[in-house]
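Subject: Structure handover

Hello,

Here is the structure for your files, with notes on what turned up in it. Please look through the model first and then read on.

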Amino acid sequence: MHRRLIVAFLTLAVAIIALYGVPRVLMVADLVHASEQQYAKRMASMVGTVIDAGGDAAAVDEKLLAGMIIYGERVAYTAPDGTTVTTGADAEPDDITGTSVVRGGGTVTFTRSGEIVNERVSKAVTPVIMIGVGLLIVATVAAIQLARSLSRPFLRLLDTVREIGRGNLRPPKQSLGVPEARAIDAALRESAQALEDRLRREHEFASNASHQLRTPITALRLELEDLSLWPETPPAVCDQLDHAVREIDRLSDAIAQLLALARGDTPGATTFEPLAESLHESAARWQAQADAAGRAIRVARMPDGLGEAPAAASQIIDVLLHNALRHGRGDITIDAERRAEYVTVQVGDEGRRPRGNSIFQRRAHRRSDSAGEGIGLALSVELAESLGGHLLLDGSSTTTFSLMLPARG
């Protein structure tokens, strides 16, 4: 903006100076040429008067004529008998000439050197050019000052926007002299206030939901543990109760991770667990639902050295398996491979690949009994990126998701 204002102001100034200066220079040059033309005619008439006053045309010689001219001038007298007496500078094509008829007979031709005329033109137009240059310098200084004055409020607005982008939703107020800048600043602060209110409500909701859920979950876990310790409880039921307790613990961890993600933290990024075991456990958790739907979950043979992955990755695998069971077709396969410091987990089914990547976008407004809330994959993408990885949809004809995560071990 600063440069554009300077260029616009200077362009306007140059145009105004040119519209004034060019015609002025041409007019001054024409006046000088007209003055020199009149001078040549007067000098020719004066020489003719001197010759006529002498009364003897034969007495006219170069010495007489040389006494009436100066450097850069030339005079020629043509007598009635046709003889010509000439003195002065050599004739040039751009010379200015004046002619006069002598009353006693003959003609006088006076010539003014074009070089001298051009020097006089230059001296006459130099002040006009200097005035134009001076005006251009003044316009440049004024343009710089004006550009700084007009752009300063918007640069301050840029600082305000950066503060909001860094998370400071209440940036310090600044003095803005331009009304448009003040209006933009007011709109930015209103938007920041609305954003702050919304974030506060979302954080409060996340905290309240986490607190309200943890209390009954803890009570339920204690009851299940107590029930599993009863002597009257059969071993098979004890195993199911232990499994339910573990799932409740997973639910508590998921709630804690979602709350941390809502606060901008990176949940589960520092806790690692063996990836191969985690994939088999995920498959086992969803196998009952797959059997009920007449489908199978197959875990490919894990290569050696697969290592460990962030513990929160199991939440993403659960979302992918749930998505495959609900929206996919055929059997579900889980595969993994290690490349350098990253591991790639693929979860696919035999259903047709969705078009584009719109499935990763939040679409809570499309909620239905079959489609769900529409935020599972979007949340998984955010969780994967918070862990330093990526969640992608492969380009194969069937639906296959690839989860890339940092690994160790």
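This is a predicted model, and it holds two aromatic pairs. The first one to look at is formed by Y39 and F110, which meet edge-to-face, with 5.9 Å from centre to centre and 80° between the planes. Y39 belongs to helix α1 (residues 2–54) and F110 to strand β4 (residues 107–112), so this contact ties together parts that lie 71 residues apart in sequence. Y39 is partly exposed, because its relative accessibility is 22% and buried means under 20%. F110, at 0% relative accessibility, counts as buried.

The other pair is F360 with F401. Their ring centres are 6.0 Å apart and their planes stand at 80°, so this pair is edge-to-face. F360 sits in the loop between β9 (342–352) and α8 (376–386), while F401 is in strand β11 (residues 398–406), so the pair ties together parts that are 41 residues apart in sequence. Both F360 and F401 are buried.

Then there is the surface charge. Which residues form the negative surface patch? They are D90, E92, D94, E115 and E119. One of them, D94, is found in the loop that runs between β2 (84–88) and β3 (96–101). D94 has a relative accessible area of 46%, so it counts as partly exposed; the exposed class begins over 50%.

To find these places in the viewer, start with Y39 and F110, go on to F360 and F401, and finish at the patch that includes D94.

Regards

Notes:
Residues numbered from 1 in each chain as written. Predicted model: local features only at pLDDT ≥ 70, side-chain atom pairs only at ≥ 80, totals over all residues. Heavy atoms only, no water. Patch = residues over 30% accessible without salt bridge, like charges linked within 9 Å, V, L, I, M, F, W, Y side chains within 5 Å. Areas by Shrake-Rupley, 256 points an atom, 1.4 Å probe, with all protein chains shown as cover. Salt bridge = Lys/Arg side-chain N within 4 Å of Asp/Glu carboxyl O. Lys, Arg positive; Asp, Glu negative; His and termini not counted. Charge placed at Lys NZ, Arg CZ, Asp CG, Glu CD. Helix = DSSP H or I, 4+ residues; strand = E, 2+ residues; numbered from the N terminus. Buried < 20%, exposed > 50% of the residue type's maximum accessible area, 1.4 Å probe, protein only. Phe/Tyr/Trp six-rings, centres within 6.5 Å; stacked < 30°, edge-to-face > 60°.
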